[in-house]
Amino acid sequence: RDWVADPRSPLYSNPGVSNLRCLVDALHCLDLGILQSIIPSAMLELTEEGVWPGASRADRYLEAHKDYTLWCHTRNEVPAPRFVDSKWCPDGNFPMLSQTLAKGHQTRMMQFWLRDVCSRPRVTRNAHGRIRRALFEALATYDEVCSRNTRFIVTEDLEVLKDAAECALVC
């Protein structure tokens with residue numbers, strides 16, 4: 001296939017397939033996708049940076065969970081179970097948040113909480129912190145646009161969605 005000569009996806013040659021039927025699926029893109037890696041990775045960084053007090057990483061995760069639980073309660077949300085480093089890094093390598101540790105809605109709420117955490121002055125004091133803040137802002141914006149639209153993204157939200165997706169990819 002010559003993608004330069006014809007960049008259109010072969011899917012469009014199927015009857016009934018059009019841009020109007022290609023829908024954004026935040027559940028699979030975010031909850032079951034990128035958030036399962038980004039949230040525990042950010043949490044690992046933030047606990048190591050000392051955003052929450054504690055002599056050990058386990059203590060800092062406990063303090064982070066207290067912060068998160070308070071955030072959830074002020075919004076009438078049910079928090080995910082306690083953050084436990086050994087469950088987030090089961091093989092000791094890359095952090096991962098499985099659906100057995102938090103349900104999809106709880107994962108989404110962690111994303112919004114981390115957007116707030118990453119906006120704190122102490123967390124944004126360096127370039128990496130500002131990039132992390134931009135990432136969670138973009139992901140939360142993407143989620144908010146998808147949530148307020150139903151099956152179709154309204155015209156005024158298309159640009160917002162595009163910008164949020166592009167920002168997240170650049171981060």
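1. Let's start with a word you'll need: two residues are in contact when heavy atoms of theirs lie within 4.5 Å. With that in hand, take the contacts between residues at least 6 apart in sequence: 56% of them join residues at least 24 apart. Keep in mind while you browse that this is a predicted model.

2. Now the overall layout. The protein has six helices and zero strands, so the order of elements is easy to remember, given that helices are numbered from the N terminus: α-α-α-α-α-α. Of its 171 residues, 38% count as buried. The accessible surface comes to about 10100 Å², and carbon and sulfur atoms account for 59% of that.

3. Have a look at how α2 and α4 meet. Helix α2 covers residues 57–74 and helix α4 covers residues 104–118; their axes come within 10 Å and cross at roughly 105°. That angle is why α2 counts as roughly perpendicular to α4, since the label applies from 65 to 115 degrees.

4. Who does the touching there? On the α2 side you'll find Ala64, Asp67, Tyr68 and Trp71. On the α4 side the list is Gln106, Met109, Met110, Phe112, Trp113, Asp116 and Val117. Sorted by class, this contact has eight nonpolar, one polar and two charged residues.

5. Next, go to the largest nonpolar core, which has 39 residues. Which of them touch the most other members? The answer is Met43 and Trp113. As for where the core comes from, α1 (26–48), α2, α4, α5 (127–148) and α6 (155–170) each supply at least two of its residues.

6. Trp113 deserves a click of its own. Leaving out residues up to four places away in sequence, Trp113 touches Met43, Trp52, Ala64, Asp67, Tyr68, Trp71, Phe83 and Arg120. You've met some of these already: Ala64, Asp67, Tyr68 and Trp71 are the α2 residues in the contact with α4, and Met43 shares with Trp113 the top spot for touching other core members.

7. Last stop: Ala26, in helix α1. Is Ala26 buried or exposed? Ala26 counts as buried because its relative accessibility is 16%, and the cut-off for buried is under 20%. Setting aside neighbours within four places in sequence, Ala26 is in contact with Asp31 and Cys146. Try finding Arg108 too: Ala26 and Arg108 are 82 residues apart along the chain, yet their C-alpha atoms are separated by 9.8 Å.

Technical notes
Residues are numbered from 1 along each chain as its sequence is written. This is a predicted model: local features need pLDDT of at least 70, side-chain atom pairs count only at pLDDT 80 or more; totals for chains, interfaces and linings use all residues. Side-chain values use heavy atoms; hydrogens and water are left out. Axes are lines fitted to C-alpha atoms, for helices over the stretch in contact, and angles run from 0 to 180 degrees between N-to-C directions. Helices (H or I, at least four residues) and strands (E, at least two) are DSSP runs, numbered from the N terminus. Angles under 35 degrees count as roughly parallel, over 145 as roughly antiparallel, 65 to 115 as roughly perpendicular and the rest as oblique. Ala, Val, Leu, Ile, Met, Phe, Trp, Tyr, Cys and Pro count as nonpolar, Asp, Glu, Lys and Arg as charged, and the others, Gly among them, as polar. A nonpolar core is a set of buried Ala, Val, Leu, Ile, Met, Phe, Trp, Tyr and Cys residues joined through side-chain atoms within 4.5 Å. Buried means under 20% relative accessible area, exposed over 50%, partly exposed in between (1.4 Å probe, protein chains only). Accessible areas come from the Shrake-Rupley method with a 1.4 Å probe; for residues, only the protein chains shown count as cover.
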